[in-house]
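Subject: Handover of a structure for your review

Dear colleague,

Please find below the structure that I am handing over to you. My notes on what was found in it follow directly after.

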Amino acid sequence: MPQLVEQKVDIGRDAYGRRVTATRKHTYDGKTVWDIRSEPMDQRDEGERMSGLSDDNIRELVQALDLIKG
């Protein structure tokens, strides 16, 4: 059975209106990593990116956001 190589989720727009995606993928060395990326709006904009996040990093981020929301 083939393994999931990459899964991309649209998580809305950032404060500047750029589309943001979270991508979960398996690396060649067997690790599962996440990238959170906002796409550039134009040629001068590089967007923003956090990469190499683990499942635990994402889980802790979600928990932190839940605490902030109240």
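I begin with one residue, Ser38, whose contacts include Asp14, Arg18, Arg19, Val20, Gly47 and Glu48, leaving aside residues up to four places away in sequence. Please bear in mind throughout that this is a predicted model. Ser38 belongs to strand β3. Its relative accessibility is 4%, so Ser38 counts as buried. Across from Ser38, in the pairing of β2 with β3, stands Val20.

Overall architecture

The protein chain contains one helix and four strands. Read from the N terminus, the order of its elements is β-β-β-β-α. The radius of gyration is 14 Å, whereas the globule rule gives 11 Å for 70 residues; the chain is therefore more spread out than a compact globule. Along the principal axes, the C-alpha atoms occupy a box of roughly 40 × 40 × 20 Å. Of the 70 residues in the chain, 20% are buried. Among contacts with a separation of 6 or more, 10% are between residues 24 or more positions apart.

The strands and their pairing

Strand β1, residues 6-13, is joined to β2 by six bridges, and the two run antiparallel. Together β1 and β2 make a hairpin with five residues between them, and Gly17 in that turn has a positive phi of about 90°.

Strand β2, residues 19-26, is also antiparallel to β3, with seven bridges joining the two. This pair likewise forms a hairpin with five residues between the strands; here Gly30 in the turn has a positive phi of about 90°.

Strand β3 is in turn joined to β4, residues 48-53, by four bridges, again in antiparallel fashion. Within that pairing, Trp34 has Leu53 of β4 as its bridge partner.

How enclosed is β3 by the rest of the structure? Five of its seven residues are buried, so β3 is largely enclosed.

Two further residues

Thr23 lies in strand β2. Which residues stand opposite Thr23 in the neighbouring strands? On the β1 side the residue is Lys8, and in β3 the residue is Asp35. Thr23 has a relative accessibility of 8% and therefore counts as buried. Beyond residues up to four places away in sequence, Thr23 touches Glu6, Gln7, Lys8, Val33, Trp34 and Asp35.

Gly47 is located in the loop between β3 and β4. Is Gly47 buried or exposed? With a relative accessible area of 13%, Gly47 is buried. Its contacts, not counting residues up to four places away in sequence, are Arg18, Ser38, Glu39 and Pro40. The contact with Ser38 links this loop residue to the serine with which these notes began. Gly47 and Lys31 are 16 residues apart in sequence, and their C-alpha atoms are 25 Å apart in space.

The largest pocket

The space in the largest pocket amounts to about 160 Å³. Which residues line the largest pocket? The lining is formed by Ile11, Ala22, Trp34, Ile36, Ile58, Leu61, Val62 and Leu65. By class, eight of the lining residues are nonpolar, with no polar and no charged residues present.

Two elements, β3 (32-38) and α1 (55-69), each contribute at least two residues to this lining. The largest share, four residues, is supplied by α1. Trp34, already mentioned as the bridge partner of Leu53, is one of the residues that line the largest pocket.

For orientation when you look at the model, I suggest starting from β3. This strand is joined to β2 by seven bridges and to β4 by four, and it is among the elements that supply at least two residues to the pocket lining.

Yours sincerely,

A colleague

Methods
Residues are numbered from 1 along each chain as its sequence is written. This is a predicted model: local features need pLDDT of at least 70, side-chain atom pairs count only at pLDDT 80 or more; totals for chains, interfaces and linings use all residues. Side-chain values use heavy atoms; hydrogens and water are left out. On a 1 Å grid over the protein atoms alone, a cavity is a set of points where a 1.4 Å probe fits but cannot get out, and a pocket is an open set with protein on both sides within 12 Å along at least five of seven lines; lining residues have an atom within 4 Å of a point. Grid points are joined across faces, edges and corners, and a volume is the space filled by probe spheres set on the points. Ala, Val, Leu, Ile, Met, Phe, Trp, Tyr, Cys and Pro count as nonpolar, Asp, Glu, Lys and Arg as charged, and the others, Gly among them, as polar. Buried means under 20% relative accessible area, exposed over 50%, partly exposed in between (1.4 Å probe, protein chains only). Two strands pair if DSSP finds at least two bridges between them. The radius of gyration is taken over C-alpha atoms; the globule rule is 2.2 Å times the number of residues to the power 0.38. Contact means heavy atoms within 4.5 Å.
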